[in-house]
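Subject: Structure for your review

Dear colleague,

Please find below the structure that I would like to hand over to you. I should be grateful if you would read the notes beneath it with the structure open beside you.

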Amino acid sequence: MTARLTIHVLFTLDCESIAIRSVKEGPRTWEQSARAIEGYSSRLLRAGYPPTLFLAPQCAVEHTPLLEELAERGAELGLYVNPLQAEHGTYHNFLGALSPEVQRCLIDEAAERFADAFGMRPRSFRPCKHSASDDTYRLLYELGFRQGSIAQPGFVIRRIGVNWEHVAHHPRYVDSHNHERSGDLPFLDVPVTTDPDQRQITNQPYELRIDAGTFEALHQPVIDRAIERMIDDAAAFCSLCFTADNRPAYDNDDDKHSQTLESILDYLETLRERHELVPSTLASAHERFRALRHMSGMSQAATQVRP
């Protein structure tokens with residue numbers, strides 16, 4: 001009989017600044033960005049899945065009223081840093097390829113811009129391209145962050161500071177000196193769900209990115225393999241973490257990416273027959289992770305003192 005798992009389901013959105021000549025990752029206009037953010041969030045909130053929105057500082061400032069409304073409806077607002085779009089300074093690589101001093105400055109400045117928009121500093125984080133070095137987690141913790149979705153298991157592009165060849169597939173507390181190891185630093189990293197056994201034409205793993213392919217060819221197989229891995233690894237804390245960005249027309253029912261998202265939501269409903277699904281933001285997942293660790297510690301302590 002297949003084990004019944006408790007699976008925390010996270011939907012995240014990378015909210016880039018609008019594209020500029022040297023950086024083409026973002027949406028073409030702020031209107032396109034707003035429609036994507038509102039459409040994505042509303043679809044998920046109607047289905048009972050509060051999203052986690054990772055916001056570039058420019059995006060936080062441009063969309064403040066919309067984002068405050070979404071936060072009131074249950075969305076979590078976190079910080080997204082793309083050094084190539086930094087407002088101060090000129091950087092030619094992604095976060096993990098930069099020195100610790102530069103990383104600290106970039107993240108701190110971006111967090112201050114976020115605070116200018118919302119009146120508080122962010123506590124959740126994702127870097128563009130999931131680029132991180134052995135210093136990144138420690139710097140984030142020192143700057144007040146307590147959780148992130150940073151790791152991308154199986155992805156390796158060393159020239160831009162991406163090396164997740166050996167990282168765990170499941171949520172973990174991190175090591176303050178090695179970005180791939182688990183450790184005692186109480187910063188929770190929930191990795192984007194990937195399947196390194198299946199490779200794209202670029203030789204990077206399949207991942208639960210909404211706009212990366214069709215539900216049948218990509219998302220369902222990756223979800224099913226992820227659940228198999230949770231069982232095989234006897235994972236202490238299980239998660240499915242989806243990602244997307246603020247370009248597709250999620251406000252349009254006829255858009256293919258909207259239809260993909262709806263297919264994923266329908267499939268998740270079928271999984272409830274076999275597993276307990278817990279719709280989560282990054283912060284709420286950390287609360288549950290912390291509580292389970294506390295309960296596990298109490299249980300171990302009780303076993304040790306038992307006569």
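The notes that follow deal with pockets, cavities, two helices and two single residues.

Please keep in mind throughout that this is a predicted model.

**Open pockets**

Rolling a probe the size of a water molecule over the atoms shows where empty space is left. The largest pocket found in this way has a volume of about 530 Å³. It is lined by 22 residues, and those closest to its centre are E25, K129, Q152, E207 and R209. By class, the lining of the largest pocket consists of ten charged, seven nonpolar and five polar residues.

The second largest pocket has a volume of about 230 Å³. Of its 13 lining residues, L77, F114, M120, R121 and P122 are the closest to the centre. Three elements, α3 (64–72), β3 (76–81) and α4 (100–118), each contribute at least two residues to this lining. Here the classes are seven nonpolar, four charged and two polar residues.

**Closed cavities**

The structure also holds two cavities of 30 Å³ or more. The largest cavity has a volume of about 180 Å³. Among its 16 lining residues, P57, Q85, A86, E87 and A110 lie nearest the centre. At least two lining residues come from each of α2 (57–62), β3 and α4, and α4 gives the largest share, with four residues. Eight residues of this lining are nonpolar, four are polar and four are charged.

The second largest cavity has a volume of about 70 Å³. Its lining is made up of P153, H169, H170, V192, T193, T194, A226, R229, M230 and S239. Helix α6 supplies the largest share of this lining, three residues. Five of the lining residues are polar, four are nonpolar and one is charged.

**Residue S239**

One residue of that second cavity deserves a separate word. S239 belongs to strand β12. Is S239 buried or exposed? S239 has a relative accessible area of 7%, and it therefore counts as buried, since the limit for that term is under 20%. Leaving aside residues up to four places away in sequence, S239 touches I7, H8, L10, P171, V190, T193 and M230. T193 and M230 also appear in the lining of the second largest cavity.

**Helix α4**

Helix α4 has been named above in connection with both a pocket and a cavity. How far apart should the ends of α4 be? At 1.5 Å a residue, its 19 residues should span 27 Å, and the end C-alpha atoms are indeed 27 Å apart, so the two values agree. The buried residues of α4 are Q103, L106, I107, A110, A111, F114, A115, A117 and F118. An α-helix has 3.6 residues a turn, so residues three or four places apart point the same way. You may wish to look for that spacing in the list of buried residues. These buried residues pack against β2 (52–55), α2, α3, β3, β4 (124–127) and α5 (136–142). Just after the helix, G119 takes a positive phi of about 80°.

**Helix α7**

The same check can be made on helix α7 (residues 256–271). Its 16 residues should span 22 Å at 1.5 Å a residue, and its end C-alpha atoms are 23 Å apart, which agrees. At the start of α7, a side-chain oxygen of D255 comes to within 2.9 Å of the backbone nitrogen of H257. H257 is itself buried, as are S258, T260, L261, I264, L265, Y267, L268 and L271. The buried residues of α7 pack against two helices, α1 (30–46) and α6 (215–233), and against the strands β1 (6–15), β12 (238–242) and β13 (276–279).

**Residue H179**

The last item concerns a loop residue. H179 is found in the loop between β8 (172–174) and β9 (185–189). With a relative accessible area of 9%, H179 is buried. Which side chain does H179 join in a polar contact of 2.7 Å? The partner is the side chain of D134. Besides D134, H179 touches A132, S133, Y137, N163, W164, V167 and R172, again not counting residues up to four places away in sequence.

Yours sincerely

Notes. Residues are numbered from 1 along each chain as its sequence is written. Side-chain values use heavy atoms; hydrogens and water are left out. On a 1 Å grid over the protein atoms alone, a cavity is a set of points where a 1.4 Å probe fits but cannot get out, and a pocket is an open set with protein on both sides within 12 Å along at least five of seven lines; lining residues have an atom within 4 Å of a point. Grid points are joined across faces, edges and corners, and a volume is the space filled by probe spheres set on the points. Ala, Val, Leu, Ile, Met, Phe, Trp, Tyr, Cys and Pro count as nonpolar, Asp, Glu, Lys and Arg as charged, and the others, Gly among them, as polar. The expected span of a helix is 1.5 Å times one less than its number of residues. Buried means under 20% relative accessible area, exposed over 50%, partly exposed in between (1.4 Å probe, protein chains only). Contact means heavy atoms within 4.5 Å. A polar contact is a pair of N or O atoms within 3.5 Å; within protein, one must be able to donate a hydrogen and the other to accept it, and residues adjacent in sequence count only if both atoms are side-chain atoms.
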